[in-house]
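Thanks for sharing this one with me. Here are my notes, point by point, to read alongside the coordinates.

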Amino acid sequence: MAFGLVGFNTIVEKLVGSDDPAYLAIIDSYKKPIAQWPKPIIDEGVKWEELSSIKRDSTFFEVQDKAEVVLGKLLFFDPKLSKSNQISCSTCHDPELGWTDRRMVALGHDHLKGPRNTPSLYNIAERASFFWDGRASSLEEQAAGPLSAHNEMAIDIVDLPVKLQKIEGYKTYFEKAFGDSEITYNRIVGAIASFQRTIKSQPSRFDAFVEGKYNALTEQEVYGLHIFRTKGRCMNCHNGKYFTDEDFHNIGLTYYKRQYQDLGRYEITMNPDDVGKFKTQGLRDLLLTRPWMHNGLFDDLEGIVNMYNSGMKMINPTVEKKLADPLYPVTDSLMKPLELNKEEIKALVAFLESLSGSKYKMRRPVFPIE
């Protein structure tokens, strides 16, 4: 029994259970190499990449022993990089909490809350830009944000090298990493970035399925994969190896002129078209990185799928409103009602849950002493 894309999408509306021949035909259509999977539903003009698997990092322990990575790990976990000597990078990016903090928003210096949810560091080396609004283009540039922010680590980045130079034990680590013991800001953030680039997702059951282990996913999860690629329209933004288009979208959570208002990327570009746009987060290991969204207001995966199912049309401005207020947010045109039924929603959630495969137990280092 063979079906084209249109055939499969029509069949989805009529499935009655796992004994339905049409349902089984969909499941079987994925038990083959990705190139032979049913084509995804992609809107015209959208740039996308096919999904693909990741491999277990066979060089992880070898790379962890490199001098610059060893130094970067020390600096990442050391609270002495903060003004109070109480907050480290790992305070918000805890390896046992999915390299995040499980809070709605970050909590930093003087117990001040940050404005946004802490993004996970999984696969951070593969990102094209950093922060929810994309204001940094490299890990080294990104580092200045949390180090100097008054509500995060609150350290003067000019004073930071001077502070570390007073710790005799660090000089040996800098010499091994860079050839001499000079401690500079660029070397500090360079070493931290080198360590962060080693933080990678481990293969999930989805990856095993892609590699040909077709019993790695249940029938419901495979069906959810099909919904993800077709009727759910998820591939428009969540595609490629890391399930992200690395772009920015307004999905309707701007809360314009209300509590939780956040104008997103507009605050960086000052382009009214960017109001409410935020970086598309990758979906790998998402069960380890809740709560979700830029404001951390959501921690129920089925609830989020239900929101997308509604079309996310929280604000539908009229032409008159947009003319009167150029900053009035417009939800991305990719957001459309999906009309998923309960079975399809549950299947999609089951598939998304299968994308989590990492289990980090990283021992914290012993810090150099003065």
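1. Let me start with His238, which is buried because its relative accessible area is 16%, under the 20% cut-off. Please keep in mind that this is a predicted model. His238 sits in the loop between helix 11 and strand 1. A polar atom of the His238 side chain lies 2.9 Å from the backbone oxygen of Phe243. Beyond four places in sequence, the residues that His238 touches are Leu51, Phe228, Phe243, Thr244, Thr280, Gln281 and Leu283.

2. Cys237 also deserves a look. It is found in the loop between helix 11 (219–229) and strand 1 (248–249). With a relative accessible area of 10%, Cys237 is buried too. Neighbours within four places aside, Cys237 is in contact with Phe243, Thr244, Asp245, His249, Thr280 and Leu334. Phe243, Thr244 and Thr280 thus appear among the contacts of Cys237 and among those of His238.

3. On annotation: the UniProt record, an unreviewed entry, places a "binding site" feature at Cys234, Cys237 and His238. The record also lists "domain: Cytochrome c" for residues 67–178 and 219–356, again from an unreviewed entry. Over residues 67–178, the chain is 38% helix and 0% strand, and the C-alpha atoms at the two ends are 8 Å apart.

4. Within that listed range, please look at Leu75, which is found in helix 4 (residues 67–77). Leu75 counts as buried because its relative accessibility is 0%. Setting aside residues up to four places away, Leu75 touches Leu81, Leu164, Tyr170, Phe174, Ile188, Ala191 and Ile192. From Leu75 to Ile199 the C-alpha distance is 15 Å, with their positions 124 residues apart in sequence.

5. Asp78 comes next, in the loop between helix 4 and helix 5 (89–92). Is Asp78 buried or exposed? Its relative accessibility is 0%, so Asp78 counts as buried. A polar atom of the Asp78 side chain lies 2.9 Å from the backbone nitrogen of Lys80. Apart from neighbours within four places, Asp78 is in contact with Ile87, Ser88, Tyr170 and Phe367. Tyr170 is one of the residues touched by Leu75 and is also in contact with Asp78.

6. Ser82 lies in the loop between helix 4 and helix 5 as well, and at 0% relative accessibility it counts as buried. Which backbone atoms lie by its side chain? One is the backbone oxygen of Pro79, 2.7 Å from a polar atom of the Ser82 side chain. Another is the backbone nitrogen of Asn85, which the Ser82 side chain reaches at 3.1 Å. Leaving out neighbours within four places, Ser82 is in contact with Ile87, Met153, Ile155 and Lys163. The C-alpha atoms of Ser82 and Leu147 are separated by 6.9 Å, although the two residues are 65 apart along the chain.

7. Finally, the overall picture. The protein chain has 15 helices and 2 strands, and 52% of its 370 residues count as buried. Its radius of gyration is 23 Å, which agrees with the value near 21 Å for a compact globule with 370 residues. Along the principal axes, the C-alpha atoms fill a box of roughly 70 × 55 × 30 Å. Of the contacts with a separation of 6 or more, 70% are between residues 24 or more positions apart. The accessible surface comes to about 17900 Å², with 52% of it belonging to carbon and sulfur atoms.

Methods
Residues are numbered from 1 along each chain as its sequence is written. This is a predicted model: local features need pLDDT of at least 70, side-chain atom pairs count only at pLDDT 80 or more; totals for chains, interfaces and linings use all residues. Side-chain values use heavy atoms; hydrogens and water are left out. UniProt positions are given in the numbering used here, feature names are shortened, and annotations may be inferred rather than shown by experiment. Helices (H or I, at least four residues) and strands (E, at least two) are DSSP runs, numbered from the N terminus. Buried means under 20% relative accessible area, exposed over 50%, partly exposed in between (1.4 Å probe, protein chains only). Contact means heavy atoms within 4.5 Å. A polar contact is a pair of N or O atoms within 3.5 Å; within protein, one must be able to donate a hydrogen and the other to accept it, and residues adjacent in sequence count only if both atoms are side-chain atoms. The radius of gyration is taken over C-alpha atoms; the globule rule is 2.2 Å times the number of residues to the power 0.38. Accessible areas come from the Shrake-Rupley method with a 1.4 Å probe; for residues, only the protein chains shown count as cover.
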